[in-house]
Amino acid sequence: MTLLFLIFLLTMALSLWATAKVKSTYHRYSRYTVRSGMTGAEAAAAILERAGIRNVEIVAHDGFLGDHYDPIHRRLVLCHENFFGRSPAALGVAAHEAGHALQHAQAYRPLQWRMAAVGAATFANQIVTFMPLLFMGTHLMEPMLGFTLMAVGWGIIMAFNLITLPVEFDASRRAHALLTRMGMVTDQEAEAVQKVLRAAAWTYVAAFISSLLYFLFYLLPLLTGGRSRN
């Protein structure tokens, strides 16, 4: 179990570092006001209007950096700081979420894959969270069967996180290009937007690396015939 504990520490440190990087970069570039004077909600609305998308609602919500695009209800959700904010950070996050709405409207293939895999990923998360407590820790299951189920669970999560990467990177690329092309940010402000989006991307990279490490941890005993990993 020593290796598992080390993986836990490594992935926890990676996740905390990525989260801290996002927050520090966001706060740094949320202190300035863009020259256009647009809010995040206005920027997102302008992007959707330009793309001819009129069936997506833009709403504000409480909570910090819980911004997301809901493809089922066609709703673009922004935290108050980004909905009303006029900073490069606010416009960058809002445009990024609008980028997901564009992906959805254009049937962007990786987004479709991720949407289709949400149910499997949710079930896999339940497996890797509760199975060690209910079965492996109480010896109610053969160790190799436990490793197999955990490997499958983490494999599904890893695949979901892998699919997420191009979805997020493409949305950020669209956001940066559209904000610049539509004149909502200056070249200097566009650099700030890019730094915010790059910092946010690290959270998805960290999630993929973490799931990959756990997947390999449970897979290797199956490949080596169940020999001890301690």
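**Entry 1: the second largest pocket**

Which element gives the largest share of the lining of the second largest pocket? I started my notes here, with the reminder that this is a predicted model. The answer is α7, which brings six residues to that lining.

I then looked up how much space there is, and the second largest pocket holds about 470 Å³. Its lining has 21 residues, and those closest to the pocket centre are Leu65, Asp67, Glu97, Ala200 and Tyr204.

Which elements supply at least two lining residues each? I noted α1 (2-29), β2 (68-70), α4 (88-105), α6 and α7. By chemistry, the lining divides into ten nonpolar, six polar and five charged residues.

**Entry 2: the chain overall**

Next I stepped back to the whole chain. I counted seven helices and three strands in its secondary structure. Along the sequence they follow the pattern α-α-β-β-β-α-α-α-α-α.

For the dimensions, I noted that the C-alpha trace spans about 60 × 35 × 30 Å along its principal axes. The chain has 230 residues, and 43% of them are buried. I also looked at contacts between residues at least 6 apart in sequence: 72% of these join residues at least 24 apart.

**Entry 3: aromatic pairs**

How many aromatic pairs does a search of the whole structure find? It finds seven. Among them is Phe83 with Phe84, whose ring centres lie 4.8 Å apart; the planes stand at 65 degrees, and over 60 counts as edge-to-face, so that is the label I wrote down for this pair.

I checked the accessibility of both partners. Phe83 has 18% relative accessibility, so it counts as buried, the cut-off being under 20%. Phe84 comes out at 49% and therefore counts as partly exposed, with exposed starting over 50%.

Then I turned to Phe147 and Tyr218. Their ring centres are 5.6 Å apart and their planes are at 50 degrees, so I have this pair down as tilted. Phe147 belongs to helix α6 (residues 143-181) and Tyr218 to helix α7 (residues 187-223), so the pair ties together parts that are 71 residues apart in sequence.

Are Phe147 and Tyr218 buried or exposed? Both are buried. Phe217 joins them, and the three residues form one aromatic cluster.

One more ring went into this entry: Arg174 lies over the face of Tyr108, at 5.7 Å from the ring centre.

**Entry 4: two buried helix residues**

Helix α6 also holds Thr164. Its relative accessible area is 5%, so I noted Thr164 as buried. What does Thr164 contact, leaving aside its neighbours within four places in sequence? It is in contact with Arg114 and Tyr204. I had already met Tyr204 among the residues closest to the centre of the second largest pocket.

Ala206 sits in helix α7. With 4% relative accessibility, Ala206 counts as buried because the limit is 20%. Not counting residues up to four places away in sequence, Ala206 touches Leu14 and Ala18. I also took a distance for Ala206 and Arg173: they are 33 residues apart along the chain, and their C-alpha atoms are separated by 19 Å.

**Entry 5: a look at Gln112**

I found Gln112 in helix α5 (residues 109-134). Its 36% relative accessibility puts it between the buried and exposed limits, so Gln112 counts as partly exposed. From Gln112 to Leu78 I noted 22 Å in space, C-alpha to C-alpha, for a separation of 34 residues in sequence.

**Entry 6: positive phi values**

Last, I looked at backbone angles. Leu65 is not a glycine, yet it has a positive phi of about 55 degrees. It lies in the loop between β1 (57-61) and β2. With a relative accessible area of 28%, Leu65 is partly exposed. This is the Leu65 I listed in my first entry among the residues closest to the centre of the second largest pocket.

Where is Ala107 placed? I found Ala107 in the loop between α4 and α5. Its phi is near 55 degrees, a positive value in a residue other than glycine. At 38% relative accessibility, Ala107 goes down as partly exposed.

Technical notes:
Residues numbered from 1 in each chain as written. Predicted model: local features only at pLDDT ≥ 70, side-chain atom pairs only at ≥ 80, totals over all residues. Heavy atoms only, no water. Phe/Tyr/Trp six-rings, centres within 6.5 Å; stacked < 30°, edge-to-face > 60°. Buried < 20%, exposed > 50% of the residue type's maximum accessible area, 1.4 Å probe, protein only. Helix = DSSP H or I, 4+ residues; strand = E, 2+ residues; numbered from the N terminus. Lys NZ or Arg CZ within 6 Å of the ring centre and 35° of its normal. 1 Å grid on protein atoms, 1.4 Å probe; cavity = no way out; pocket = protein on both sides within 12 Å on 5 of 7 lines; lining within 4 Å. Points joined across faces, edges and corners; volume = space filled by probe spheres on them. Nonpolar A, V, L, I, M, F, W, Y, C, P; charged D, E, K, R; others polar. Contact = heavy atoms within 4.5 Å.
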